[in-house]
Amino acid sequence: MSFGEPEGYDGDARPRPLVRRGAPQAAAAAVCLVLGLGLISGAVTGSWLVGGSGEEGLPSTFAAAGSLWHSVPVDQLFPPTVQGRGAGPGGADRTWTRIAVAPDSGCKNAFDPLLRKALAPVGCERLLRATYTDATETYVTTVGLLFTTADAPGMTALANRFRKERLDRRSDLMPLPYAAKGTLAAGFGARQRASWTVSVLTEAPVVVYAVSGWADGRTVDDPQPAGDALEADATTAAAQAGLGNEAQGLADRVERDFRRNVRSASEQPS
């Protein structure tokens, strides 16, 4: 394909050809084009590495993320100890210790009926869960990684629905905890749930969630989503105790580690 030579105008408003760009100018333009493309490419990759909100990840990255449930050791997905610098109320530091890991499984009986229905469009490939306690052994928090069977558009559709309908704020859509016998979380059941968070990723076929409660097994009448419990004027028992920080802080760090594992897997030669 060829294009006509661009025209300008002379002093009498008559069309005339524009002067061709010199070799140095053309070379400079080519360099700018290459640099521009490089920056764009870097931005696309960077949106995943730094946890950006871009809805389209690289296909190889998306595929790598979906296979991590069987290719990455559990200690990398759910570290024995998780440091939460500034994750507590008022920016206090937190340290969580893993007390139980559930066997990897499907999703049957893993969620309450309404949450199971909400997640159904993306399917369930595998569910991984672990339960942690804080340094004082006052709280227990279950964090989960739901690996779905959905493609990128499917995950984006679910994320949009959760955001628009505020499904992550509904107490009838709370995740269930993993109550492991013989641990501090043995009594951590549905009625002990105090705060929770659910994050639907769009760069990976994964849903990250966490739910927290007291380690002494007390029941909770007014559970509050972590996002609301973190507000300065929140007055519920969960908010005052920092259980919103427990759920949100641990979920954020497990998600951050997951992203690092995906980066490492996607960089390995095939």
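**Exercise 1. In which strand is the place of T133? Find its surroundings.**

This is a predicted model, where local features need pLDDT of at least 70, side-chain atom pairs count only at pLDDT 80 or more, and totals for chains, interfaces and linings use all residues. Residues are numbered from 1 along each chain as its sequence is written, and side-chain values use heavy atoms, with hydrogens and water left out.

Step 1. T133 sits in strand β5. Strands (E, at least two residues) and helices (H or I, at least four) are DSSP runs, numbered from the N terminus.

Step 2. T133 has a relative accessible area of 3%, so T133 is buried (under 20% relative accessible area; exposed is over 50%, partly exposed in between; 1.4 Å probe, protein chains only).

Step 3. The T133 side chain comes to 2.7 Å from the backbone oxygen of Y139.

Step 4. Leaving out residues up to four places away in sequence, T133 touches T95, W96, T97, I99, T138, Y139, V140 and L184. Contact means heavy atoms within 4.5 Å.

**Exercise 2. Trace the sheet and the helices on it.**

Step 1. Read the strand order: β3-β4-β5-β6-β8-β7-β9, an open sheet of 7 strands with mixed pairing. Two strands pair if DSSP finds at least two bridges between them.

Step 2. Find the edges. β3 (81-84) and β9 (224-225) each have a single partner strand, so one side of each lacks a neighbour in the sheet.

Step 3. Look at β6 (residues 139-147) and β8 (residues 206-214). They run antiparallel and are joined by 9 bridges. G144 has Y209 in β8 as its bridge partner.

Step 4. Add helix α9 (residues 243-267). It packs on the sheet and touches β3, β4, β5, β6, β7 and β8. Its direction makes about 40° with that of β6. Axes are lines fitted to C-alpha atoms, for helices over the stretch in contact; angles run from 0 to 180 degrees between N-to-C directions.

**Exercise 3. Classify the aromatic pairs.**

Step 1. Count them: the structure holds 2. Rings of Phe, Tyr and Trp (its six-membered ring) pair if their centres lie within 6.5 Å; planes under 30 degrees apart are stacked, over 60 edge-to-face, the rest tilted.

Step 2. Take F111 and Y209. Their ring centres are 5.7 Å apart and their planes at 70°, so this pair is edge-to-face.

Step 3. Place them. F111 lies in the loop between β4 and α5 (113-119) and Y209 in strand β8, so the pair ties together parts 98 residues apart in sequence. F111 is buried at 4% relative accessibility, and Y209 is buried at 2%.

Step 4. Take F147 and F258. This pair is edge-to-face, with 5.9 Å centre to centre and 70° between the planes. F147 lies in strand β6 and F258 in helix α9, so the pair ties together parts 111 residues apart in sequence. Both F147 and F258 are buried.

Notes:
A polar contact is a pair of N or O atoms within 3.5 Å; within protein, one must be able to donate a hydrogen and the other to accept it, and residues adjacent in sequence count only if both atoms are side-chain atoms.
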